[in-house]
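Student: Could you take me through one part of this model at close range? I would like to follow the side chains and strand pairings there, and then see how other contacts compare.

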Amino acid sequence: MQRHVSVPVTEGGVPAQSAAPDRRGAVRPTGPGRAAGLVDTWLAPALLAIGLGLWAISLPLVDFRSMDDFGLLDRLPVLFYVSLLVLTGGFLVTLRRAGTSPGWPLLYCVALLIALKAAPAVLYDSVRYPWASKHDAVVNTLLGAGELRPYAALSGNMSAYDQWPGFFTLNAALVRAFGVESTAVYLNWAPIVLGLILLPVLVLLYRTFTEDWRLVWTAVWIFQLANWVGQDYLAPQGFAYVLHLTVLALVLRHFVRPGSAGRLRDRTVLDPAAAAVPPPTTTRQRAVGVLILSPLILGINAVHQLTPVMLCVVLAALCLTRRYRNLGLLAVAGLIMLAWDLTMGRPLFMETLGTLKESLGRLTQNSRAGYAGQLTGPGPELAGAAGITMTLAVVLFAGVAVLVRRRLVRSALPLLLASAAPVPLFAVNDYGGEMLFRVYLFGLPGAAFFAAAALVPAAGGARRSRGARVRRTVASVALPTVLLALTAGFLPAYYGKDAMYYTPPVESALVTRAIDRLPEGGLILATSGSFPQALHRYDEVEHWFFAEQELPENEKMLADPARYLADRLPRGVTAHVVLTRTQDIYTAGEGLLPPGGFTVLRDRLKASPLFRTVEEHPYGIVLAYTPSNTTTGGAS
């Protein structure tokens with residue numbers, strides 16, 4: 001039933017003040033408030049057009065080819081930053097009428113997604129993210145081979161991608177369907193596509209726990225700003241994440257057990273913004289729901305190795321509540337995961353089990369960020385600091401909501417548990433230095449919801465008390481301040497290392513030529529694998545990324561890199577070393593090599609009689625291993 005708001009009136013019958021938002025976030029002004037409503041009506045589309053227009057005008061001014069220490073951050077013109085400011089202001093305007101016009105906040109959320117993440121897709125003339133290039137290589141190899149090889153001994157343990165092939169077979173089908181050469185044609189647009197797919201999933205998730213559209217859209221806005229971890233590129237994790245949240249949203253919406261809601265359907269005990277618990281479902285309905293969700297759960301297992309673990313952990317956490325104690329669904333999810341791991345994913349699964357003895361319980365080691373070393377240089381250091389600050393800020397505001405809005409937390413407890421559930425995985429494994437980012441990513445939807453609850457005051461009723469007026473006044477200042485601060489934090493966290501992520505096409509062509517020169521069974525050497533085309537022909541050529549180890553060992557290597565490499569090369573192998581500008585930036589920024597170490601490495605290898613220069617350009621050099629009769633490789 002529609003809930004009406006009582007408005008005081010003057011003797012002349014004119015409202016003394018505009019009505020406060022009702023619990024759905026709707027404001028229906030009368031009298032003088034109607035004029036403000038008319039202003040909002042044209043102001044929202046005007047600010048949206050201005051914001052997107054400024055963003056579009058700013059893009060041709062971006063000199064991305066000259067990126068230096070701060071990546072894309074200091075190459076973005078003032079107009080770009082102004083466009084984000086205008087979009088934020090317009091979004092805040094739409095929140096005033098979010099309950100009656102939810103379409104405008106939606107359009108602003110889409111505009112924010114485009115403004116934040118579409119610039120590389122529009123500007124770059126090559127792949128952003130070296131790892132996206134690796135996934136492109138997997139799709140190309142799959143199309144070339146025409147079969148999956150989950151048990152093949154492929155270079156760099158690349159057979160793991162055939163063990164979880166769902167994402168790559170999907171993209172292989174898209175490449176064939178579109179008639180394009182490879183995924184490189186569209187892969188830079190993956191963050192936009194995945195973000196658009198995720199929007200309705202987030203709305204469904206948040207609407208399960210609140211009827212206040214202001215809270216819903218603010219949570220979506222905060223989620224987008226806080227999603228700086230960069231897992232939405234063309235990768236299995238981004239796609240599996242969408243499937244994971246889809247399953248979670250459907251479970252929270254349609255798997256409520258009968259008699260478990262208690263007083264949570266009584267509006268007198270709920271937070272004004274809270275939604276009543278969804279209608280309960282019978283055992284038969286939930287069994288049908290499990291059958292419907294099983295293909296989605298199977299899809300998650302076919303796409304990614306970690307996400308099924310996250311799903312099972314979240315479902316187990318939900319079982320701690322009477323409302324969502326669905327042991328059958330948890331058992332089905334666990335059995336599907338185990339069946340996949342023991343069949344298609346068996347090689348990597350058994351290898352991972354073998355490492356658990358060393359990693360189990362090592363919280364500090366498992367929560368490290370990255371492979372080795374420490375971030376060095378202004379851009380990487382700023383990006384790291386911004387990411388940490390953003391994480392702490394979101395968690396802090398979520399914590400405030402947990403303390404201040406306890407009635408909302410009581411009804412939205414399942415979402416809180418789902419967000420906290422991945423944290424114990426720190427005690428299990430470091431996931432190649434990625435566990436910290438993955439735990440944050442899977443906890444972000446709930447954290448964004450509760451952070452928004454701390455910033456959006458409870459709606460419903462007129463301004464009855466002085467305390468309520470004070471809270472609304474504080475929120476009117478805090479909300480725009482926090483949104484702008486999160487925007488300021490997102491930009492360095494997301495773009496501060498783009499000098500590592502963008503590689504000129506001529507450099508990628510150099511790498512391709514270097515690998516194409518090698519015969520089948522040849523060996524390509526590079527400091528790291530974080531550059532485009534690094535895994536080109538990975539099914540035919542071996543790869544050794546020799547600097548992906550701890551810094552002390554690399555310092556030892558730099559003393560005599562030619563001898564260090566030669567002593568570890570198999571006898572009789574045809575080996576080429578490719579050293580590029582992108583590797584230089586990456587190894588310095590990630591702390592793999594000491595300052596100036598890459599230059600020392602290149603110069604000493606070039607001067608060594610053990611290596612001959614095949615091709616050299618300002619953006620890279622290719623060296624061939626040419627041992628003499630008395631200096632053969634030591635490894636067999």
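Tutor: Happy to: we start at one strand, follow its partners, and then turn to the ring pairs and salt bridges.

Please keep in mind that this is a predicted model. Our starting point is strand E1, which spans residues 523-526. Leu523 and Leu525 point one way from E1, while Ile524 and Ala526 point the other way. Side chains in a regular strand alternate between the two faces of the sheet. Whichever way they point, all four of these E1 residues are buried.

Now look at what lies beside E1. Strand E2, made of residues 542-545, pairs with E1 in the parallel sense, and four bridges hold the pairing. Strand E3, residues 575-580, also runs parallel to E1, and three bridges join these two. Ile524 is a handy residue to centre your view on, since it has a bridge partner in each neighbour: His543 in E2 and His576 in E3.

From E3 you can move along the chain to helix H25, which covers residues 581-589. Its buried residues are Thr582, Gln583, Tyr586, Thr587 and Gly589. These residues span an arc of only 170° around the axis, so they sit on the same side of H25. Just after H25, Gly591 adopts a positive phi of about 75°.

Let us go back towards E2 for a salt bridge and, a little later, a ring pair. Arg537 and Glu540 meet through their side chains in a salt bridge, at 2.7 Å from N to O. Arg537 has 16% relative accessibility and therefore counts as buried, whereas Glu540, with a relative accessible area of 31%, is partly exposed.

The model has 14 salt bridges in total. One of them joins Asp125 to Arg65, with the closest N and O atoms 3.0 Å apart. Asp125 lies in the loop between H4 and H5, and Arg65 in the loop between helix H1 (32-58) and helix H2 (78-95), so this pair ties together parts that are 60 residues apart in sequence. Asp125 is partly exposed at 37% relative accessibility, and Arg65 is exposed at 57%. Another salt bridge, between Asp212 and Arg214, brings the closest N and O atoms to 2.7 Å. In that pair both partners are buried: Asp212 has 1% relative accessibility and Arg214 has 10%. Salt bridges also link Arg513, Arg517 and Glu615 into a network.

The aromatic side chains come next, with a count of 23 aromatic pairs. Tyr124 and Tyr502 make one of them: their ring centres are 5.0 Å apart and their planes stand at 55°, so the pair is tilted. Tyr124 sits in the loop between helix H4 (119-123) and helix H5 (130-145), and Tyr502 in the loop between helix H21 (498-501) and helix H22 (505-517), so the contact ties together parts that are 378 residues apart in sequence. Tyr124 counts as buried at 7% relative accessibility, and so does Tyr502 at 2%.

Trp544 and Phe546 give the ring pair I promised: with centres 6.0 Å apart and planes at 70°, it is edge-to-face. Trp544 is partly exposed, having a relative accessible area of 22%, while Phe546 is buried, with 2%. Elsewhere, ring pairs link Tyr129, Trp131, Tyr233 and Tyr501 into a cluster.

To finish, have a look at the surface. Val122, Trp189, Val193 and Ile197 form a nonpolar patch there, and together they have about 340 Å² of accessible area. Val193 belongs to helix H8, residues 190-207, and its 46% relative accessibility makes it partly exposed.

If you return to E1 after this tour, Ile524 is a good place to pick up the thread again, with His543 as its bridge partner in E2 and His576 as its bridge partner in E3.

Key
Residues numbered from 1 in each chain as written. Predicted model: local features only at pLDDT ≥ 70, side-chain atom pairs only at ≥ 80, totals over all residues. Heavy atoms only, no water. Buried < 20%, exposed > 50% of the residue type's maximum accessible area, 1.4 Å probe, protein only. Arc of directions from axis to C-beta. Patch = residues over 30% accessible without salt bridge, like charges linked within 9 Å, V, L, I, M, F, W, Y side chains within 5 Å. Areas by Shrake-Rupley, 256 points an atom, 1.4 Å probe, with all protein chains shown as cover. Salt bridge = Lys/Arg side-chain N within 4 Å of Asp/Glu carboxyl O. Pairing = 2+ DSSP bridges. Phe/Tyr/Trp six-rings, centres within 6.5 Å; stacked < 30°, edge-to-face > 60°.
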